[in-house]
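This report covers chain symmetry, one strand pairing and one helix. Please read it alongside the sequence and model.

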There are 4 protein chains.
Amino acid sequence: MTAPPKQPFRWPVRVYYEDTDAAGIVYYANYLKYLERARTEWLAAMGFALAELELQHAAVFVVHRVEIDYRRPARLGDALTITVAPVEVGRSRVVVLQDVHQEETVLTNARVTLAYVARDTWLPTRMPAPLLSCLENAA
Amino acid sequence: MTAPPKQPFRWPVRVYYEDTDAAGIVYYANYLKYLERARTEWLAAMGFALAELELQHAAVFVVHRVEIDYRRPARLGDALTITVAPVEVGRSRVVVLQDVHQEETVLTNARVTLAYVARDTWLPTRMPAPLLSCLENAA
Amino acid sequence: MTAPPKQPFRWPVRVYYEDTDAAGIVYYANYLKYLERARTEWLAAMGFALAELELQHAAVFVVHRVEIDYRRPARLGDALTITVAPVEVGRSRVVVLQDVHQEETVLTNARVTLAYVARDTWLPTRMPAPLLSCLENAA
Amino acid sequence: MTAPPKQPFRWPVRVYYEDTDAAGIVYYANYLKYLERARTEWLAAMGFALAELELQHAAVFVVHRVEIDYRRPARLGDALTITVAPVEVGRSRVVVLQDVHQEETVLTNARVTLAYVARDTWLPTRMPAPLLSCLENAA
């Protein structure tokens, strides 16, 4: 008997003029903003606000690598859903898969590698145990 | 006998896709980025790099007020010139006029009020004497 | 007997890393993005999606003037509320007051003048009657 | 006898407050803006302005895929150099390598896949012969 597959976290995003460009579509860099909003809300939903991690632990998540495929464009007014699903969790490193959906259509797939680093040295540091535990359970 | 009118500082900016929106023009918030690039380069040209002011004096310029009139749109590929002309200089406060030109045409006029504040208290603080002196001479 | 004062439209915004800058606060241009998100949702709540106005009427709202006072900074993780209250409504022009609140504190006040323009000529054009009527009722 | 290795195109970028975030470094999405500025200037230097391609050929370059490694952070005031080197050129597709340098240090490496698409159908279309020829020579 296996556990049912875990559902990825989902976060809704509306496309505004700020997100689009003169080609009439969402500008490619702006998807990375959407991805981060969803990751921030995913961590917050587990009880870990980024602003507090920074204040209490003097540590921040930084992005080490992004692979992103832009399959179909999003446009002004679109209602998108951004997903977050952790696929690898280490003591100071998380890899997440993140998709951008418009209803049933996948517009974009991304794989994002995050490192948890100390703000003064900018070197990887071990995540607080409750955070690590939450991420391991989510993966 | 009066001194000849001072020439405002000028800074060139190219319009890229990142600056535009789905209406085909530069997105209104992005002009404020252009204005700040020009102010940063104007201060740097006088010998005051913002990153060093922050490191050495633990102080930053923050914007207290912007009045901006959008007269004509800028578009993808346009070569713009951003001007900076100080019109009021106080010990912890500067007001500058900033225009956005495309060749001879003025696209945008702005009046920006800046305060020089301490980074820890976020309260106005007196500018270093050499900076104040430079600004007074420029006004 | 007078009508009770109308409540301004309210729209919530969360501050993410994308909105902040190295001074640790929300970057001044990014408030204009918040203001536009709120205006877009305000129009959508009255039944007027900007993307449809552009498709059906070949017209867009453009910003003609912004006056904005930055009173207190917003920071990473803040939960803000953006308001929209129309104060002048003409056939091709609307002026709105927009505040940014954090709980009971007003961080920013803005007055934004919008023009409704034809996309081909970029000249002011009369708003569709239902839109104009809605705006007049809201003012 | 072989030709000397081709030098990649280089484009300078200054880091302003707009580019940074509350962690004190350049926000990860903003590197994609730098990459696009460099690609735009690279094409312009070969005689192909994006705005003209869109007007004359009703075609645009869109990004299909980005792989980007963030090795070291850039900070406020840094003077960066962005490179562009084409590594694969097809009739409607180009792959470029793009690095972000600060003096001799590589901060970021990216591999970007671009498609040349018709603006109405959003389907890949053959590049104009002079553009294709220039890209093939540069690769």
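## Symmetry of chains A and B

Copies are superposed by least squares on the C-alpha atoms of residues with pLDDT of at least 70 in both. The model is predicted. A turn of 180 degrees, with a shift of 0.0 Å along the axis, lays chain B on chain A with an RMSD of 0.0 Å. The two copies are thus related as by a two-fold rotation axis.

Within chain B, the residue that comes closest to the rotation axis is B:Asp21, with its C-alpha at 1.9 Å. Both copies use the same surface, as 100% of the contact residues of chain B recur in chain A.

## Strand 1 of chain B

Strand 1 of chain B covers residues 9–14. Its covered face consists of B:Phe9, B:Trp11 and B:Val13, while B:Arg10, B:Pro12 and B:Arg14 form the uncovered face.

This strand pairs with strand 3 (residues 79–89) of chain B in the antiparallel sense, over 6 bridges. On the uncovered face of strand 1, B:Pro12 has B:Thr81 of strand 3 as its bridge partner.

## Helix 1 of chain C

Helix 1 of chain C runs over residues 30–45. At 1.5 Å a residue, its 16 residues should span 22 Å, which agrees with the 23 Å between its end C-alpha atoms.

The helix is mostly covered, with 12 of its 16 residues buried. Among them are the aromatic residues C:Tyr31, C:Tyr34 and C:Trp42, and also C:Lys33, C:Glu36 and C:Arg39. Just after helix 1 of chain C, C:Gly47 has a positive phi of about 100 degrees.

Note on methods
Residues are numbered from 1 along each chain as its sequence is written. Chains are lettered from A and ligands numbered from 1 in the order in which they are written. This is a predicted model: local features need pLDDT of at least 70, side-chain atom pairs count only at pLDDT 80 or more; totals for chains, interfaces and linings use all residues. Two residues are in contact if their C-beta atoms, placed from the backbone, lie within 7 Å. A residue is buried if 20 or more other C-beta atoms lie within 10 Å of its own, exposed if 12 or fewer, and partly exposed in between; C-beta atoms are placed from the backbone. Helices (H or I, at least four residues) and strands (E, at least two) are DSSP runs, numbered from the N terminus. Two strands pair if DSSP finds at least two bridges between them. The expected span of a helix is 1.5 Å times one less than its number of residues.
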